[in-house]
Amino acid sequence: FDDSVVGDNSNFAYSASLSLAQGRINGAGILYLLGKTGLGKSHLSQAVGHHMMANNGSNKVYYVTAEDFTNEMIFSLRNHTIERFKEKYRKKCDVLILEDIHFLSGKIATQKELSITLDYLLDADKKIIFSGCDLPDEIPKLNDQLKSRLSMGLVTELEAPDYKTRLRILKKKSHT
């Protein structure tokens with residue numbers, strides 16, 4: 001979080017991410033970071049993961065793209081290790097950070113497995129962060145069960161920074 005440059009475009013998303021990392025979000029511990037490519041979704045989701053690992057070493061944080069989750073699931077099916085895959089994400093995960101959720105469009109089996117996994121995590125009061133370029137309802141070929149899970153928590157949007165914020169970002173990057 002120390003590397004973040006916060007402006008009007010990202011203030012709410014930053015605050016929500018920090019609150020989740022510090023365990024101060026009430027209700028379901030789900031955050032959906034919405035925004036176009038390059039606006040800081042990954043930066044914020046990784047900041048949450050790093051904060052939780054640094055301040056609570058027992059947290060098992062899994063950071064994965066939707067594509068990698070899908071490929072890992074397919075690999076485990078082909079190699080008869082699906083039970084190990086399920087245990088990893090359902091039982092051994094304290095924080096799931098799933099990037100580029102729009103990749104799941106049309107991937108029926110992955111959507112079903114992810115929905116079940118999310119139910120396990122929610123029942124165990126685990127933290128979940130999604131990122132995507134579209135709202136869950138706007139992602140084509142996404143089943144209703146998964147849309148519902150993605151929309152359960154706080155949805156916050158990152159927008160393009162204004163001139164002053166872009167200037168502050170450039171200044172920060174030039175000093176690192």
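**Sheet and helix packing, in questions**

Me: What is the strand order in the open sheet?
Reply: Keep in mind that this is a predicted model. Five strands build the open sheet, and their pairing is parallel. From one strand to the next, the twist averages 15 degrees. Reading across, the order is E2-E3-E4-E1-E5.

Me: Which are the edge strands?
Reply: Look for strands that pair on one side only. In the order E2-E3-E4-E1-E5, that picks out strand E2 (61-65) and strand E5 (154-157).

Me: In E3, what is the bridge partner of Val61?
Reply: E2 pairs with strand E3 (residues 95-99) in the parallel sense, and five bridges link the two. For Val61, the partner in E3 is Val95.

Me: At about what angle to E2 does helix H3 run?
Reply: Helix H3 covers residues 66-78 and lies across both E2 and E3. Relative to E2, H3 runs at about 95 degrees.

Me: Are H3 and H5 roughly parallel or roughly perpendicular to each other?
Reply: Two packed helices are described by the angle between their axes and the distance between the axes. For H3 and helix H5 (residues 108-123), the axes sit 10 Å apart and the packing angle is about 95 degrees. Angles of 65 to 115 degrees count as roughly perpendicular. The two helices, H3 and H5, are therefore roughly perpendicular.

Me: How many nonpolar residues are in the contact of H3 with H5?
Reply: On the H3 side you've got Phe69, Thr70 and Met73, and they meet Ala109, Thr110, Glu113 and Leu114 in H5. Two of the contact residues are polar and one is charged. The nonpolar count is four.

Key. Residues numbered from 1 in each chain as written. Predicted model: local features only at pLDDT ≥ 70, side-chain atom pairs only at ≥ 80, totals over all residues. Heavy atoms only, no water. Pairing = 2+ DSSP bridges. Helix = DSSP H or I, 4+ residues; strand = E, 2+ residues; numbered from the N terminus. Axes fitted to C-alpha atoms, helices over the stretch in contact; angles between N-to-C directions. Contact = heavy atoms within 4.5 Å. Parallel < 35°, antiparallel > 145°, perpendicular 65-115°, else oblique. Nonpolar A, V, L, I, M, F, W, Y, C, P; charged D, E, K, R; others polar.
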